[in-house]
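Dear colleague,

I am passing a structure on to you, together with some notes on what turned up in it. Please have a look at it first, and then read on below.

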Amino acid sequence: MEIPPKSPDGSEKSPQSKELLPSNTASTLCISSRSESVWTSESRSKWDIYHKPIIVMSVGAAVFLLGVVITSLSCIQISNKDVYKMCGPALLSMGLMLLVYGLVWIPIIRKKQKQRQKSPFLQRLKSFFFNR
C-alpha cells in the first residue's frame, strides 16, 4: 500500500485532491486580465491610455537622433569610418520605424476608445459572453 506524499506543512494530500486544485493556466490568466481591463467602464487618465505609444515614440526619436549623429560622424574624417557607415543608417531606419509605429498607434487607440463609448449594449453583450 502506497503512503501518500506529505506536503511541506505536514498534512497528507491524496492524488485526487491534487487534481481538484484550480490551475492557473495561461488561458485563464488571459481571460481574467482581458475581462478586467478591456470591458471595465471606469475612466482612465490620458497617461494610462497613451503611455505605450509615447514611450515607443520617445525611444524611436532617441535612436533616430543617435543614428543621425553616427551617420554625420562617418562624414567627418575619423578612424573606423566603416563601422559608422554601417551602424548609422541602421539606427536611422530603426529609429524612424519606431517613431512611425508610435505615431500610427495613437489614432488606432483613439478609434478603439470611440467604439467603446458608442456601444454600451455591445459592451454588455460581450462581457456577458466572455465573463462566463
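Please keep in mind throughout that this is a predicted model.

To begin with the overall layout, the protein chain has five helices and zero strands, and read along the sequence it follows the pattern α-α-α-α-α. Of the 132 residues in the protein chain, buried residues make up 15%. The chain exposes about 10800 Å², and carbon and sulfur atoms supply 65% of that area. Among the contacts with a separation of 6 or more, 67% are accounted for by residues 24 or more positions apart.

Helices α3 and α4 offer an example of residues that lie far along the chain from each other. I55 is found in helix α3, while L98 is found in helix α4; 43 residues separate I55 and L98 in sequence, and their C-alpha atoms are 9.8 Å apart in space. A second pair involves L98 again, since the C-alpha atoms of L98 and S58 are separated by 8.7 Å although the two are 40 residues apart along the chain. Leaving out residues up to four places away in sequence, L98 touches V56, M57, V59 and G60. Both I55 and L98 are partly exposed, because their relative accessible areas, 45% for I55 and 28% for L98, fall between the limits of 20% and 50%.

Moving on towards the end of helix α3, which covers residues 46-75, what does the side chain of S74 reach? The side chain of S74 reaches the backbone oxygen of T71, at 2.5 Å. S74 has a relative accessibility of 8% and therefore counts as buried, the limit for that label being under 20%. Not counting residues up to four places away in sequence, S74 touches K81, Y84 and K85. In the loop between α3 and α4 sits I78, which at 31% relative accessibility counts as partly exposed. When its neighbours within four places in sequence are left aside, I78 is in contact with L73 and Y84, so that Y84 appears in the contacts of S74 as well as in those of I78.

Helix α4, residues 81-118, also holds both Y101 and W105, which are four residues apart, or about one turn of the helix. A pair of aromatic rings is described by the distance of the centres and the angle of the planes. The structure holds one aromatic pair, and why is the pair of Y101 and W105 called tilted? The ring centres of Y101 and W105 are 5.6 Å apart and their planes stand at 50 degrees, so the pair is tilted: an angle under 30 degrees would count as stacked and one over 60 as edge-to-face. W105 itself, at 25% relative accessibility, counts as partly exposed.

Finally, there is a feature of the surface to look at. F121, L122, L125, F128 and F129 make a nonpolar surface patch of about 520 Å². One of these residues, L122, has its place in helix α5, residues 120-130. With a relative accessible area of 42%, L122 is partly exposed, and because patches are made of residues with over 30% relative accessible area, that value is consistent with its place in the patch.

With best wishes

Definitions and conventions
Residues numbered from 1 in each chain as written. Predicted model: local features only at pLDDT ≥ 70, side-chain atom pairs only at ≥ 80, totals over all residues. Heavy atoms only, no water. Patch = residues over 30% accessible without salt bridge, like charges linked within 9 Å, V, L, I, M, F, W, Y side chains within 5 Å. Areas by Shrake-Rupley, 256 points an atom, 1.4 Å probe, with all protein chains shown as cover. Salt bridge = Lys/Arg side-chain N within 4 Å of Asp/Glu carboxyl O. Helix = DSSP H or I, 4+ residues; strand = E, 2+ residues; numbered from the N terminus. Buried < 20%, exposed > 50% of the residue type's maximum accessible area, 1.4 Å probe, protein only. Phe/Tyr/Trp six-rings, centres within 6.5 Å; stacked < 30°, edge-to-face > 60°. Polar contact = N/O pair within 3.5 Å; in protein donor to acceptor, adjacent residues only side chain to side chain. Contact = heavy atoms within 4.5 Å.
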